[in-house]
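Welcome, and please open your viewer. We will take a short walk, choosing one selection at a time.

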Amino acid sequence: MTKTNAMRILDKTDIAYKVHDYQKSGAVSALEVASSLQENIDQVFKTLVTVGKSKNHYVFVIPASKELNLKKAAQCADEKNIEMIHQKELLPLTGYIHGGCSPIGMKKSFSTFIDISALNYQTIFISGGKIGLQIEINPKDLQKVCDCEFVDLV
C-alpha cells in the first residue's frame, strides 16, 4: 500500500496507528465507512473544514453520526460565525479531496478541534488521507500530531 501524507507524518513522529482499507466497499460518507469497517459509529470521526467571519480556516473532527454545531464551533474558534467551506475549495486549501480529508498533513496548519467524545475511546478512526483508508489512532496521540483541542462540538 502506498503511504499517504498522514501516514508518513505519523511514521516520522513514531506515533502508533493502524490502517484500515475499505476501498473495495465503495463507502465514501463517514456513516458508510463505519458500516463498512463494522466499527462503532461513535468511534468513526469525520473531518470538516470551515471558514470564519475573519476568513481564517478551522478544522473540526466529529463523530460520523453527528452534525457540527456551528455556534459551538464559532465559540471555540473565537469567531462571530463559522460556515462550511465549499467542496471545490477543499483540495486547493488542504491538499485533500472530499471523503479523504484527514486532520493530519494538510497543506497548511489550521486550528483544529476534536469533539470531546473522542476521549471516551482508546482509539478512534479518522481519514487516512485518501478515500478508502482509515487510520485508527489513540485520540491523545492525534492531539500530539495535530496540536488540537478537545471540545464539545455537537
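Start by selecting Lys53, which sits in the loop linking E2 to strand E3 (57-63). Keep in mind as you look around that this is a predicted model. Is Lys53 buried or exposed? Lys53 is exposed, since its relative accessible area is 52% and the cut-off for exposed is over 50%. Now show its surroundings: setting aside neighbours within four places in sequence, Lys53 is in contact with Glu79, Lys80 and Asn81. Add Ala74 to the selection too; Lys53 and Ala74 are 21 residues apart in sequence, and their C-alpha atoms are 9.2 Å apart in space.

Next, step back along the chain to Thr50, a residue of strand E2 (residues 45-52). Here the picture changes: Thr50 is buried, with a relative accessible area of 0%. Which residues does Thr50 touch, not counting those up to four places away in sequence? They are Asn56, His57, Tyr58, Phe60, Leu68, Ile82, Glu83, Met84 and Ile85.

Now for the interior. Select Val49, Ile126, Ile135, Ile137 and Leu142, the residues with the most contacts inside the largest nonpolar core, which has 29 residues. Colour the elements that give two or more residues to this core: helix H1 (5-12), E2, E3, helix H4 (87-94), strand E6 (124-127), strand E7 (133-137), helix H5 (139-146) and strand E8 (148-151). Apart from this core lies another one, of 12 residues, with Leu48, Tyr58, Phe113 and Val151 among them.

Zoom in on Ile137 for a moment. Leaving aside neighbours within four places in sequence, its contacts are Leu10, Ile15, Ala16, Gln122, Thr123, Ile124, Ile126 and Leu142.

Finally, zoom out and switch to a cartoon view. How many helices and strands are there in the protein? You should find 5 helices and 8 strands, and from the N terminus on they run α-β-α-β-β-α-β-α-β-β-β-α-β. The C-alpha atoms fill a box of roughly 40 × 30 × 30 Å along the principal axes. The radius of gyration is 14 Å, which agrees with the value near 15 Å for a compact globule of 154 residues.

Try colouring by burial as well: buried residues make up 51% of the 154 residues. Of the contacts between residues at least 6 apart in sequence, 60% join residues at least 24 apart. With the surface switched on, the protein exposes about 8100 Å², and carbon and sulfur atoms supply 47% of that. As a last stop, colour the charges: the mean positions of the 18 positive and 17 negative charges are 5 Å apart.

Notes
Residues are numbered from 1 along each chain as its sequence is written. This is a predicted model: local features need pLDDT of at least 70, side-chain atom pairs count only at pLDDT 80 or more; totals for chains, interfaces and linings use all residues. Side-chain values use heavy atoms; hydrogens and water are left out. Helices (H or I, at least four residues) and strands (E, at least two) are DSSP runs, numbered from the N terminus. Buried means under 20% relative accessible area, exposed over 50%, partly exposed in between (1.4 Å probe, protein chains only). Contact means heavy atoms within 4.5 Å. The radius of gyration is taken over C-alpha atoms; the globule rule is 2.2 Å times the number of residues to the power 0.38. Accessible areas come from the Shrake-Rupley method with a 1.4 Å probe; for residues, only the protein chains shown count as cover. Lys and Arg count as positive and Asp and Glu as negative; His and the chain ends are not counted. The place of a charge is taken as NZ of Lys, CZ of Arg, CG of Asp or CD of Glu. A nonpolar core is a set of buried Ala, Val, Leu, Ile, Met, Phe, Trp, Tyr and Cys residues joined through side-chain atoms within 4.5 Å.
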